[in-house]
Amino acid sequence: MAEFILEMRHIEKDFSGVKALDDVNLIIKKGEIHALCGENGAGKSTLVNVLSGVYPYGTYTGDIIYRGELCKFNNIRSSEKKGIVIIHQELALIPYLSIAENVFLGNEITPHKGIIDWDETERRARDVLSKVGLVNEDLSQMVNTLGVGKQQLIEIAKALAKKVELLILDEPTAALNDEESNILLNLMLKLKEQGITCIMISHKLNEVSRVADSITVIRDGRTIETIEKTDKEIEEDRIIKGMVGRELTNRYPQRNSSIGDVVFEVKDWNVYSPIDQTRKVINNVSLTVRSGEVVGLAGLMGAGRTELAMSLFGKAYGKNISGTMMKNGKILNLNSIKDAINNKIAYVSEDRKKYGLVLQNDLKWNMTLASLKSRFSKHGVIKENEEIHATEDYRKIINIKTNSIEQIVGSLSGGNQQKVVLAKWMLSEPDILLLDEPTRGIDVGAKYEIYTVINSLADTGKAVIVISSEMPELLGICDRIYIINEGEIAGEVQKEEFSQERVMKIIMNHIGREK
Amino acid sequence: MSNITVEQKKLTINNITVEQKKLTMNNLKQYGMMLALFLIYAIFALLSDGKNAAPMNINNLVMQNSYVVILSLGMLLCCLTANVDLSVGSVVAFCGAAAAIMVIDYHIAIPVTFAIVLVMGVLVGMWQGFFIAVLKVPPFIVTLANMLVFRGLTMVILNGQTKGPLPQGFTQVGAGYLPQVFIHIGSTKVELLALVAGILVSIVLIGLEMRFRRNKIKHSFAVTPIWQSIVKLTVVIAVLNFITLKLALYMGLPLVLLIMFILILIYSFITNNTVAGRQVYAVGGNVHAARLSGINTDKVMFWVYTNMGFLAGLAGIVLAARNASATPKAGDSFEMDAIAACYIGGAAVQGGSGTISGAVIGALIMGILNNGMSLIGWSVDIQRVVKGLVLLAAVTFDLYNKRKSS
């Protein structure tokens, strides 16, 4: 009945050999709200980036037909000219510019060749801001003084100022509270009445089923199905099934757990954000890990898993941390990362390039960095021979593919870099390992090897906590999984009851709980 | 079965040759700078009709460049953290002025004065380190501010006047010599100890290299081919004995040469062999990774700048001693010479890489340029232009090389 505003045909896109999008077909009707659902890494953001010209024409294959016209966007500007505006998850406002300046950023009102007409800017800013429900704002206020909810609305006002016809929102409510989310969702419905088409990416299925007219499920870079909203609401279970229903082949090594006593215990752990000290990031988390056990922390992005792990690692993250942490029944008071390392705790960070490695140094230096003081020096002088021997051993044990321990780690592949980070923390001889996304961005073969290392660490009686956004991975390698959502433990799943649906359900229920 | 072992052997042999190649490449890179140093020296030897190889000139080269070498040792640590210290020139002047005032106006004993001034240098460094490490003010701003502060303070305590002359006990540090034993060979007067020192150090170098190789082989680590060690030793020993011979033909070994020599040894050891040194590299290479590896990054920054203060204090004493006076303009733009020395010597602008030997060679390149251009009568203005272009060329070349290899 309705005409199509956008059709994407056979879109394929790969990143150095890894297929991110594989034959994606998407049809958007004019004036609808169309939701894209899928797991982390399914390809949703890649798809909208292709659409908006972030990945220019030529770097993908397939056709984008917008308003019946084949489009070849070279950059965001060219898609914006056509009325396609994308609002990213990380807001793109300039914190130290005023509201009015931000609304017309890159789109300044310049009747006289490069000279901004401030009166007109203010008048038009007031106009678009009233459309998004911001009526009594001081336009000269700096954006960084506003909350995230209002900033999100300003982003939309900015889009409206560009005469948007197709608005793309990537996780618009991820950082918003319920009230703010509500305002935003209502605004989306209002914009729809005004004829603006909207694509939203969201994990929050309750919101999706509330506002979306149709839902396309993406899994592993493919469009799985499009569900139309007819008379009745779209059932969340149906969406979940589409999102996770993949075949599991033998991607994980056999695991024979021999689980001992509780070695690591956290009780009533609370952490506040270091930036906004009134915001509680971790709320009353309690958990236990036994020796020889691999425990997973599942959750959506931004659920607080990294924050939890880092706060446990000698308060590497967070302010006003409270709660007790016990190792082998003894209370630990860790006030620095050094304390944590001395107490045999290791944290393998999620972003190996940014937080894990000194890329310009060689394997040897990187591998011993965390244990220089404890193992590889005497009176502050480095024991060079032992350093070479130990790193050479670990290079072989965990099979880092390189010619020499003197190779610069920046030149290694992602999988091998990750192995170097693992080796670094294995050399610190920890009892408790916190592994944050240990296989992010590495290929399947290297993943398998990392899983094997994790298994062997557990076999030697270490307690291992794994954070991962890939749920099948957690189900494949863990003995038990805690589900974290919005800084709280939303649930716990034992190995016998492992299933993606169950984990997803716990997350969705927890998200729905506040309603 | 035997096939497998043969395969494995092949693999290990392959690995070793690859490692050897790598070591060779590293060495070539390091000696490339030395080659540049020779080349510049040779060019000026030609242009000045060998004047720059005269015994007195070699002596001057050592004495004139001692403060820049001393400063560049500390500056290298700053550069490793991806920062610089702009205040060193002013701190040099301030410490020199303070020393001169203590000795001349207050008649404080010279050794006591030296001790007080070195402590003063350390305190200045701590003052800067406090702002950098504790209050997190960017080092560029902190040291820029203190460049003004200490230049101003120098003017104030000197009343804008030159303070001098300094007594001989003081000037000894900058212009004096180690004990001299002159003998006559034919008609030429030769200082024996300089020659002996050159030969002794040569023997020690050979011994160290042999021990190093033996140790590597004992642990079956990769070593460079033996011919490379021989070439390297031959070159180093030739240069060393060339210098000591020239010095022997003049007045023997300058005291500052000994000071520099000891400092270079200490700082090479710190950067190569100690946990502290490794931590500086890690902080400069990736401050987040360093912090998450349990390194107290603030403490590292604090001590890097404290150390710089100490060396600036020492350089202040040496400079005042060499000039036999303290002047308000002393040490002007020394910070730039030291920074340039580090970058010419291969330190990375983004931090985390650079060597003491590189910084020293960089300082010597600057010194030889200055000296050579003065000898052939180029004006100070032109000298600045040339030095600037050399710095630009060296860093461009280095960056280009790195980009190509990555």
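This passage describes one helix of chain B, one helix pair of chain B and the contact between chains A and B. The model is predicted, so local features need pLDDT of at least 70 and side-chain atom pairs count only at pLDDT 80 or more, while totals for chains, interfaces and linings use all residues. Residues are numbered from 1 along each chain as its sequence is written, with chains lettered from A and ligands numbered from 1 in the order in which they are written.

A good place to start is helix α9 of chain B, residues 255–273 (helices are DSSP runs of H or I with at least four residues and strands are runs of E with at least two, numbered from the N terminus). Its buried residues are B:Val256, B:Leu257, B:Met260, B:Tyr267, B:Ile270 and B:Thr271. Seen down the axis of α9(B), these buried residues fall within an arc of 155°, so they line one face of the helix (the arc is that of the directions from the helix axis to the C-beta atoms). On the other side, B:Ile262, B:Leu265 and B:Ile266 are exposed. Here a residue is buried if 20 or more other C-beta atoms lie within 10 Å of its own, exposed if 12 or fewer, and partly exposed in between, with C-beta atoms placed from the backbone.

Turning to the chain contact, 30 residues of chain A touch 25 residues of chain B (contact means C-beta atoms, placed from the backbone, within 7 Å). In chain A, α10 (337–342), α11 (352–356), β18 (381–382) and α13 (384–397) each supply at least two residues of the side that touches chain B.

Helices α3 (residues 88–104) and α13 (residues 334–344) of chain B pack at about 130°, with axes 6 Å apart (axes are lines fitted to C-alpha atoms, for helices over the stretch in contact, and angles run from 0 to 180 degrees between N-to-C directions). The contact is made by B:Val88, B:Gly89 and B:Val92 of α3(B) and B:Phe334, B:Glu335 and B:Ala338 of α13(B).

Conventions: The expected span of a helix is 1.5 Å times one less than its number of residues. Two residues are in contact if their C-beta atoms, placed from the backbone, lie within 7 Å.
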